[in-house]
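Please look over the structure shown here and read the report that follows alongside it.

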Amino acid sequence: MNFENQHPKDGEIGPNAIVVYVGKEKAVEGDSNKEVEVESHDEGDEYTEPRPIVEPWQMETPPPKIIMDLVKTKLGVDISYSTALRGKKQVVTDLKGSPDESYKILRCYLHMLEKVNHALGASVEGFKVMRKVITMDATFLKNGYKGVLMSKTVVGDSSKIVFMTNRNTSLIKAIANVYPLAHHGFCIWHLSQNVKCYASNVNKDVVAWRFMECSRFYTVAEFNIAYASFTTRYPFAAKYLEESTQKERWARCVFPGDIYNLDTSNCVQSMNNVFKDAGRYSLILMLDAKLKKFSEWFNEHRKDAVSGSVANKLVPLVENYLHDLWATAAKLKVTELNGFKIEYNVIDSDGKSYLVKLRLRSCSCRFFDIQKYPCVHALVSFITFQKY
Ligand SMILES: [Zn+2]
């Protein structure tokens, strides 16, 4: 039999395919399509616990070199590495679905998802009260297309939305096309790893750290001083920054949208770990696997969510922060500037003076403006406002 010249038709297991389903007891040899026992059990074997059910897409196929050995052992025929690899890829497609088919039915899938999937209702509702910063990276599609899939089925375009990415070119284009009004920031950790490569004769990690420090200043004045010092000390790193990106993409103080304290895409790494296996599925199976996980999470935390008091407007992180800050705030000197506009002047412990505009939710330190919850100056102004 000539194994080299037989090509399987689309959607069929090729005649030269050897399929070994790890986790299932049957193996199929492509040439005869008959089922062969991988593990034999003598009659009268003791009862063993049934194996957990393994979904087809969770099964693994052996590497091409092992497939070559299997063909040699079972059929006595030598096949090339490329034939073994082609057979393996065909089997993977049969098990996990083909990328082409997935993209063809994507629109129908999304339409039906909108119509019937109530599992996502909680996340859609929840998104209304969340910070509108969507963190993405470009490592999540590992199927044949390796591209970026971006759809705005649920989240409409708006200038209130911010995307945080690892500066992947495809993501930059996709976001600009699908969400032209949204703002787009770059992960400062990823950027710092590039920046540090342009500094020589210095500790590169210190350069990365100094760059990240610069990007996190709240006021333009503080940023300018720090960035001037960075430029003097690491001119090539600064030159790279000037030539490859704009400050508005990475410096918190001049970012045009509401970015809060989110400046890295590291949280995506945790999600990528959770969906490590799903990333290898074809698109629709991958979406299914992700939806299943999200439903599980929402179901798990549903009771916690409804058990909280509706009177509590703050998330625990902010509530604890304000609680700890209260004692420090209460000691600061406050002067009312405008009772109608609710404006105060606050002298901080370092002797500097700050202007707080409570009605506008603003402070000249700009923490309140960017983080959207009170700084120590705004807190003491609020305490004073409550008293009088
Ligand atoms: Zn302040």
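## Strand β8 and its two partners

In this predicted model, strand β8 has two unlike faces: Tyr-344 and Val-346 make up the covered one, while Glu-343, Asn-345 and Ile-347 make up the uncovered one. Strand β7 pairs with β8 in the antiparallel sense over five bridges, and within that pairing Thr-335 has Asn-345 of β8 as its bridge partner. The two strands form a hairpin with four residues between them, and Ile-342, in the turn, has a positive phi of about 55°.

Strand β8 also pairs with β9, again in the antiparallel sense and over five bridges. Here Tyr-344 has Val-356 in β9 as its bridge partner. This second hairpin leaves five residues between β8 and β9, and its turn contains Gly-351, which has a positive phi of about 90°.

## Helix α16 and what covers it

Helix α16 comprises twelve residues, 376–387, which at 1.5 Å a residue should span 16 Å; its end C-alpha atoms are 17 Å apart, and so the helix agrees with that expectation. The buried residues in α16 are Val-376, His-377, Ala-378, Leu-379, Val-380, Ser-381 and Thr-384. The elements that cover them include the strands β7 (333–338), β8 (343–347), β9 (353–357) and β10 (362–363), together with the helices α14 (316–330) and α15 (367–371).

Ala-327 belongs to helix α14, and its C-alpha atom is separated by 9.8 Å from that of Val-376, although the two residues are 49 apart along the chain. Ala-327 itself counts as exposed, because 8 other C-beta atoms lie within 10 Å of its own, and the cut-off for an exposed residue is 12 or fewer.

## The parallel sheet

Three strands in the order β4-β5-β6 form an open sheet with parallel pairing. Strands β4 (133–135) and β6 (183–186) stand at its edges, and each has a single partner strand, so one side of each is left without a neighbour in the sheet. From one strand to the next, the twist averages 25°. Strand β5 (residues 162–165) is joined to β6 by four bridges, and Thr-165 stands opposite Phe-186 in β6.

## Helix α13

Helix α13 (residues 283–307) contains 25 residues and reaches 36 Å from its first C-alpha to its last, close to the 36 Å expected at 1.5 Å a residue. The helix nevertheless bends by about 45° at His-301.

## Confidence in the model

The protein averages a pLDDT of 78, and 75% of the residues score at least 70. Over residues 1–44, however, the pLDDT is below 50, and this stretch has 69 contacts in the model beyond near neighbours in sequence.

Key: Residues numbered from 1 in each chain as written. Predicted model: local features only at pLDDT ≥ 70, side-chain atom pairs only at ≥ 80, totals over all residues. Expected span 1.5 Å × (residues − 1). Buried ≥ 20, exposed ≤ 12 C-beta atoms within 10 Å, placed from the backbone. Contact = placed C-beta atoms within 7 Å. Pairing = 2+ DSSP bridges. Axes fitted to C-alpha atoms, helices over the stretch in contact; angles between N-to-C directions. Bend = angle between axes of the 7 residues up to and from the residue. pLDDT = per-residue confidence, 0-100.
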